Amino acid sequence: MEHERDLREFLVTSTKELGFSLTDHQAQQFLLYLSQLLTWNRTINLTNITDPCEVISKHFVDSLTGLSAFNFPVQGTVLDVGSGGGFPGLPIKIVREDLRLILVEPSTKKCSFLRSIVGALKLSQVTVFTGDLQQYANHEATPVADVMVIRALRFDEIEGTVARTLMPNGHLLLYGTKKGTKSRSNALRVESTHHFTLPLGHGGRVITVLSARALPDS
């Protein structure tokens with residue numbers, strides 16, 4: 001791994017460009033996350049990205065674009081669907097410690113990593129659920145998510161389940177690379193779209209914010 005001081009400087013500078021001033025503790029959490037991610041990645045396929053600077057740019061900074069695009073409610077509950085290596089949920093949680101986070105991931109091995117890194121980072125109010133969104137929705141009697149974030153799944157394949165998992169008037173953040181995301185559900189409507197450029201020429205990110213409409217009683 002490159003020199004920790006250089007990585008810290010790149011991390012702090014890149015996140016500041018998004019409007020976040022990391023504390024020393026938060027910067028150290030991200031560097032520990034980076035180290036553990038790359039260590040576990042040798043035996044578990046958590047990411048195809050193995051260059052530390054690329055991880056910072058394409059995973060950490062990319063995840064935080066959601067916080068720039070949308071004002072997460074204080075002490076709100078965030079549901080990260082298809083979390084994988086913890087993106088975007090864990091970077092969001094590091095910066096917004098007040099949030100309650102639920103990581104939904106069907107891979108048992110990836111869930112093992114998620115539980116390990118949550119412990120290593122000493123994050124509170126984080127739950128790891130082993131299963132997909134449909135299984136989570138069946139597990140929960142009532143919607144609990146104020147905000148749902150989806151980064152690595154096809155929205156059209158889970159749209160119906162998303163609509164009944166969000167709290168009334170909750171919000172969904174879709175991480176994509178192209179504009180023009182539309183909702184086919186009457187329960188969701190596109191509220192806003194935000195464009196970001198990642199550091200070091202690592203591409204762009206489009207965040208589409210959708211709001212949930214309260215459904216009439218059946």
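Contact means heavy atoms within 4.5 Å. The structure is a predicted model, in which local features need pLDDT of at least 70 and side-chain atom pairs count only at pLDDT 80 or more, while totals for chains, interfaces and linings use all residues. Residues are numbered from 1 along each chain as its sequence is written, and side-chain values use heavy atoms, with hydrogens and water left out.

**Exercise 1.** Determine which residues phenylalanine 72 is in contact with, leaving aside neighbours within four places in sequence.

*Solution.* Step 1: the contacts of phenylalanine 72 include Gly66, Leu67, Val78, Ile92 and Arg96. Step 2: Leu99, Val147, Val149 and Leu173 are also in contact with phenylalanine 72.

**Exercise 2.** Identify the members of the largest nonpolar core that touch the most other members.

*Solution.* Step 1: a nonpolar core is a set of buried Ala, Val, Leu, Ile, Met, Phe, Trp, Tyr and Cys residues joined through side-chain atoms within 4.5 Å; buried means under 20% relative accessible area, with a 1.4 Å probe and protein chains only. Step 2: among the 52 residues of this core, Tyr33, Phe60, Phe72, Leu90 and Leu173 touch the most other members. Step 3: helix H3 (residues 52–69) gives the most to the core, with eight residues; helices are DSSP runs of H or I, at least four residues, numbered from the N terminus.

**Exercise 3.** Establish whether glutamine 29 is buried or exposed (over 50% relative accessible area).

*Solution.* Step 1: glutamine 29 is found in helix H2 (residues 24–40). Step 2: its relative accessible area is 8%, so glutamine 29 is buried. Step 3: leaving aside neighbours within four places in sequence, glutamine 29 is in contact with Ile94, Leu121 and Leu123.

Key. Helix = DSSP H or I, 4+ residues; strand = E, 2+ residues; numbered from the N terminus.
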